[in-house]
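This report examines a single protein model, with attention to its covalent links, nonpolar cores, salt bridges and surface.

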Amino acid sequence: MEREKELEAAAPPPDLPRDGVQSAGASTHPESHSKASRARLIIIGSAIFLLATGCRLLSWQDNRFEARKVQTAVTEGYKHTARLLQQGGVASFFSSSSPLGDPNHLGHPPGYSILIAFVSNLFGDSDAALQIIQILADSLAAVLVFLIALSLLDERTALIAGLLVAFAPQFTYNSVMLLPDTLSVLPILVAVYLLARTGKRPRLLAFAAAGALIGLSCWLRANAMLLILFLAALSPLLLERGKRLRCALFLVGGF
């Protein structure tokens, strides 16, 4: 009996590892799993982006010269405003002597014209440069759809959603058109992603940033003008009491 008691006293506790190697491996396992998961998401996101870019470049190769034939008058209006911006700058909107002071130039939001003027200053009057920028933005939109779906659903569903956007013929075709439709979607998707990520732990800054991104989208195309009201109305469904009003106000204020 005394011999058995001595052996029990000499044995290590059952809940402690018998060597340092096992302890170190157990402590670093969650961190290594997190790194592997992050690397997996980067690989999937990069694959979706490359596939989407490839599809849109093929569409650009086929339709880049036909793009000017779609809503030609609207495209020329954007380009005309861009040329006036290059001559007088953004201050021309507030000058009574400038053609941009004419309210008729506000038939469309000025964001796309500002982008055209910026691209023209860098690359000259190049439709191709503008189209490539739109292609990259639309490819990034496919990745954002994947990330939004991943925040709300499982990985397989998110992958299918991202691939559907990457291969959708309508999206690939619209990305080549000399119109702000494609670009106006990207800020909205970033805003939705921010809201999806902060739904469990709401942060006022994230809500303000989401509102500002939707406002930026309206500078490109005004279709999302009322979207901010619907998102603010969803706050009771997304947030707990005590945070709903403040988050909704920051969302609208950012917009």
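## Disulfides and cysteines

The model is predicted, and a search of the whole structure finds zero disulfides. A disulfide is a covalent bond between the sulfur atoms of two cysteines. In this model, no pair of cysteine sulfur atoms therefore falls within 2.5 Å.

Two cysteines illustrate different degrees of burial. Cys55 has a relative accessible area of 21% and is partly exposed, because the buried class requires a value under 20%. Cys218, with a relative accessible area of 9%, is buried.

## Nonpolar cores

The largest nonpolar core has 28 residues. Within this core, Tyr112, Ile116 and Leu130 have the most contacts. Helices α3, α4 (111-123), α5 and α8 each supply at least two of the core residues. The greatest contribution is that of α5, which gives seven residues.

Tyr112 may be considered in more detail. When neighbours within four places in sequence are left aside, Tyr112 is in contact with Tyr78, Leu130, Gln134, Met177, Leu178, Leu179, Pro180, Leu183, Trp219 and Leu220. Leu130 thus appears among the contacts of Tyr112, and Leu130 is also one of the residues with the most contacts inside the core.

A second, separate core has 15 residues. Among them are Ile188, Cys218, Leu231 and Leu239. The presence of Cys218 in this second core accords with its buried state at 9% relative accessible area.

## Salt bridges

The count of salt bridges comes to five. One of them joins Glu155 to Arg40, and the closest N and O atoms of this pair are 2.7 Å apart. Glu155 lies in helix α6 (residues 155-167) and Arg40 in helix α2 (residues 20-63), so this salt bridge ties together parts that are 115 residues apart in sequence. Both partners are partly exposed: Glu155 has a relative accessible area of 26%, and Arg40 is at 47%.

A second salt bridge is formed by the side chains of Asp127 and Lys79, with an N to O distance of 2.8 Å. Because Asp127 belongs to helix α5 (residues 127-152) and Lys79 to helix α3 (residues 72-88), the pair connects parts that are 48 residues apart in sequence. Lys79 is buried, with a relative accessible area of 6%. A further salt bridge links Asp181 with Arg221, where the closest N and O atoms are 3.7 Å apart. Asp181 is located in helix α8 (residues 181-197) and Arg221 in the loop between α9 (204-220) and α10, so the pair ties together parts that are 40 residues apart in sequence. Asp181 is partly exposed at 29% relative accessibility, and Arg221 is partly exposed with a relative accessible area of 29%. In addition, salt bridges that share partners join Lys79, Asp125 and Asp127 into one network.

## Nonpolar surface patch

On the surface, a nonpolar patch is formed by Met225, Leu226, Leu229, Phe230 and Phe255. Together these residues have about 520 Å² of accessible area.

Leu229, one of the patch residues, is found in helix α10 (residues 227-233). Leu229 has a relative accessible area of 52% and is therefore classed as exposed, because this class requires a value over 50%.

Methods
Residues are numbered from 1 along each chain as its sequence is written. This is a predicted model: local features need pLDDT of at least 70, side-chain atom pairs count only at pLDDT 80 or more; totals for chains, interfaces and linings use all residues. Side-chain values use heavy atoms; hydrogens and water are left out. Patches are made of residues with over 30% relative accessible area and no salt bridge: like charges are joined within 9 Å, nonpolar side chains (Val, Leu, Ile, Met, Phe, Trp, Tyr) within 5 Å. Accessible areas come from the Shrake-Rupley method with a 1.4 Å probe; for residues, only the protein chains shown count as cover. A salt bridge is a side-chain nitrogen of Lys or Arg within 4 Å of a carboxyl oxygen of Asp or Glu. Helices (H or I, at least four residues) and strands (E, at least two) are DSSP runs, numbered from the N terminus. Buried means under 20% relative accessible area, exposed over 50%, partly exposed in between (1.4 Å probe, protein chains only). A nonpolar core is a set of buried Ala, Val, Leu, Ile, Met, Phe, Trp, Tyr and Cys residues joined through side-chain atoms within 4.5 Å. Contact means heavy atoms within 4.5 Å.
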